[in-house]
Amino acid sequence: MHTDEAVHAFQFADLLEKGRFRYDPAEYHGPTLIYFTLLPARLRAEKVLSDVDEKTLRLVPVFFGLGLILLLLPLVRGLGRGVVLTSAFWTAVSAPMAFYSRYYIHEVLFVFFSFALIVCGYRFLRSGKTSWILGAAFSAGLMHATKESCVLAWGAMAAALLPVWVERGRKRTDDGKWFRPRHTTVFLGGAAFVSALFYSSFLTHPEGIVDSFRAFLHYFNRSSVSSIHDHPWDYYFRLLLFWHVPGKPVWSEIPMLIPAGIGLLSAFGKFSDPGTDRRLIRFVLCYTALLAAIYTVIPYKTPWNLLGFYHGLVLLAGTGTVALLQGLKRKRARIVSAIFLMVLGSTAIRQTWLLNGRYDSDPGNPWVYAQAGESLLHVIRAVEDVASKVPEQFGIPVEVIVPRHEYWPLPWYFRRFTRIGWYGRVDSTAAPVPVILVAPQEEPSLVLKLYERMPPGSRYLYVPLWNEYTELRPGCEIRGYIRNEYIRKETWDAVQSEKEVPTNAPVTRRP
Amino acid sequence: MLIQSVQIKKHHSKFVLFILFFGLFAACGLIAQSETLKPIDIKLPKPMFIGTPQNINVPNLEKPLGKARPPFLAPAGTRNVAFKKPVTGSDTAPVIGELSMVTDGDKEASDGSYVELGPFQQWVAIDLQSVNTLYAVVVWHYHKQPVVYYDVIVQVSDDPKFQKNVTTVFNNDHDNTAKLGAGKDKNYVETSEGRLIDTKGVQARFVRLYSNGNTGNDLNHYVEVEVYGKPVQ
């Protein structure tokens, strides 16, 4: 689990166990991820956090990730069947889409609701049906209820609509002719209703609605302060075009970006498929470009933030694939382009397979960011091994001490432990406990507490739980210590199972 | 007489009042003390939420500690204060080796690295030559084969005769054969890692180790004894 996933899991625990969610405008985004997790938890009859596992949590982003593919269906009348199929293909084989569809964070939900707004908005403009404007309203409300950065996506959508609207006016088409002021009211009212419902925790916490707007101030203030996640302007482009850590494979989204580039060009050309609406393609192109520009300018960057404009590139890739296959007149050229596209597609599939399998927590993976490494599992096994051998089991007292409370995602893995304390620094007033996990920076303070503050004769000896260098994530070492008397019991049990030696009772003596 | 008796009665009543008051005060003190001795139900702090941590992704980053960690956590400056210190024993003429081998730093179980003491209960004692705060004692009996030594008792004291101020830090003599008190520690199989004994930071100058034969024979052996501590300032 990633730190963010584990934090969200604990926020969900509050809702699951106490039926309570309180939106925090300073951090952690909107409530939709938490509320939607109730559904798989209820279906799996999970009542407390210790019942919940990674499957329950990750079913939510998986559902919305798959939903992104299904959302293409209503656009058959806008993109054409071919583009819908190829876009579905590129969505499914896209490495970041697959990767973050298994991450218990808000990103895939946000992209889903953003795309749902585009789909519903387009269908409304084409048909005038109230159901579509309501769908658009709910999608917009859910966008706001998911991430505060919805304003960026809305701004990009509005700006991308302008050239389309100008062209409509120039060509005097019938699209959108049924748009009335009341539709604006329906849209804004519906969006506000859905957003308010979630932020007020379904009317139990009305202050959450105000907090949802207060959040914009927080994020605005933060944007002017440097952050540990500030990256250069080309960060997203490097992630997409060429990502290489020495000693690791090279990763690139070029197999998808090539057809996306062709899709960009074809947005201004002709399509042989009469079902393809070029204005929709141009809208997607403008929206993608504007959103990419916005996120490029903002110094704060994390890899999952690019999913919004990346999804636009995926749609363009679908467009470009069809354009390449259908746009060439000669049969031989079409065969060559089909083979070329198959090579690109299979490269993308292989890359996605590796990035989501063998390299899913490797620091060389471009989509891995502050991810817990495999040595974390060693920490968990060591502590659980101790718990399994003592009478207290998961009630054995444990302390975890890491500066700035950066011990996540350990709280998730130790959720079954009933007497575990989490500290940002050594608490010299707390009595020493049998098992201590500590960051090296706090070790001198821990030694002071254990060996100099305690009176002589009351100082327990602590031995390492493991000898190897062990990390929570790259660059964050964690050390484990256990009171000597506990490990002796374990060693004795292990010895007993391997050797035939006299036990404590009775000790047999030779005659 | 009456005045005297009244005065006596006054004094007596004052005395009684004083005793009562003192008793009441003492009782309050006792109650308060017993209240402070009651185990407190400590609420352990819950994990604090944080944002996405920093991504540290430096290529070819060398791990800072490539070797095994020390055998136990201890303050800086803790060292083997028994190294090369004088050793005495219950057997002044060991059959094999010399008592000085107990603190010579050689932990191998090969010939020439261990001292063999006579049968049944024997002891060795190390004079640390100053009072030290002791964190751990590590003892190696003969460990080339998996044997168990009986009635292993480790005591520390500031008295070279171990008659007063004696603290027992390890005792697996469960039936009090050694007449030093029954112990609750378990028997253990000798290994090359030695037996790590927690001395809980007790302060002492002398360390004495007892044993009473082993599963192979009645004899007693020591390869090495290390005492980890820091001199008391």
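Here are some worked exercises on a predicted model of a complex with chains A and B.

**Exercise 1. Work out how far the confidence scores let you read chain B.**

Start with the whole complex: the predictor hands it an ipTM of 0.74 and a pTM of 0.78. Next, zoom in on chain B, where the mean pLDDT is 79 and 75% of the residues reach 70 or more. Then go element by element: helix H1 (residues 2–37) of chain B sits at the bottom with a mean pLDDT of 45, while strand E5 (residues 153–157) of chain B tops the list at 97. Residues 1–10 of chain B have pLDDT below 50, and that stretch makes zero contacts beyond near neighbours in sequence. Over residues 21–42 of chain B, pLDDT again stays under 50, and the model has one contact there beyond four places in sequence. The takeaway: where pLDDT is low, don't read the predicted coordinates in detail.

**Exercise 2. Describe the side of chain A that touches chain B.**

Count residues to begin with: chain A puts 57 into the contact and chain B puts in 46. On the chain A side, the elements giving two or more residues are helix H1 (3–18), strand E4 (420–423), helix H20 (443–453), strand E6 (462–464) and helix H21 (484–498). Sort that side by residue type and you get 35 nonpolar, 13 polar and nine charged.

**Exercise 3. Check the length of helix H6 of chain A, then find what its buried residues pack against.**

Helix H6(A) covers residues 81–93, which is 13 residues; at 1.5 Å a residue it should span 18 Å. Its end C-alpha atoms are 19 Å apart, so the model agrees with that estimate. Now list the buried residues: A:Gly82, A:Val83, A:Val84, A:Thr86, A:Ser87, A:Trp90, A:Thr91 and A:Val93. Their packing partners in chain A are helices H4 (54–70), H5 (76–79), H7 (95–100), H14 (254–266), H16 (307–327) and H17 (331–355).

**Exercise 4. Lay out the five-stranded open sheet of chain A and place the helices that pack on it.**

Write down the strand order first: E4-E3-E5-E9-E6, with mixed pairing. E4 and E6 of chain A are the edges; each has a single partner strand, so one side of each lacks a neighbour in the sheet. From one strand to the next, the twist averages 20 degrees. Look at the E6 edge: E6(A) pairs with strand E9 (residues 479–483) of chain A in the antiparallel sense over three bridges. In that pairing, A:Pro464 has A:Tyr481 as its bridge partner in E9(A). Now add helix H18 (residues 375–389) of chain A, which touches strand E3 (398–401), strand E5 (435–438) and E9, and runs at about 10 degrees to E9(A). H20(A) packs on the sheet too, touching E3, E5, E6 and E9 of chain A, at about 150 degrees to E5(A).

**Exercise 5. Decide whether A:Val426 is buried or exposed, and name its contacts.**

Place A:Val426 first: this residue lies in the loop between E4 and E5 of chain A. Then apply the cut-off, which calls a residue buried at 20 or more other C-beta atoms within 10 Å. A:Val426 has 20, so it's buried. Leaving out residues up to four places away in sequence, A:Val426 touches A:Ile401, A:Glu442, A:Ser445, A:Leu446 and A:Lys449. For a distance check, take A:Glu443: it's 17 residues from A:Val426 in sequence and 8.5 Å away in space, C-alpha to C-alpha.

Conventions:
Residues are numbered from 1 along each chain as its sequence is written. Chains are lettered from A and ligands numbered from 1 in the order in which they are written. This is a predicted model: local features need pLDDT of at least 70, side-chain atom pairs count only at pLDDT 80 or more; totals for chains, interfaces and linings use all residues. Helices (H or I, at least four residues) and strands (E, at least two) are DSSP runs, numbered from the N terminus. The expected span of a helix is 1.5 Å times one less than its number of residues. A residue is buried if 20 or more other C-beta atoms lie within 10 Å of its own, exposed if 12 or fewer, and partly exposed in between; C-beta atoms are placed from the backbone. Two residues are in contact if their C-beta atoms, placed from the backbone, lie within 7 Å. pLDDT is the predictor's confidence in each residue, from 0 to 100. Ala, Val, Leu, Ile, Met, Phe, Trp, Tyr, Cys and Pro count as nonpolar, Asp, Glu, Lys and Arg as charged, and the others, Gly among them, as polar. Two strands pair if DSSP finds at least two bridges between them. Axes are lines fitted to C-alpha atoms, for helices over the stretch in contact, and angles run from 0 to 180 degrees between N-to-C directions.
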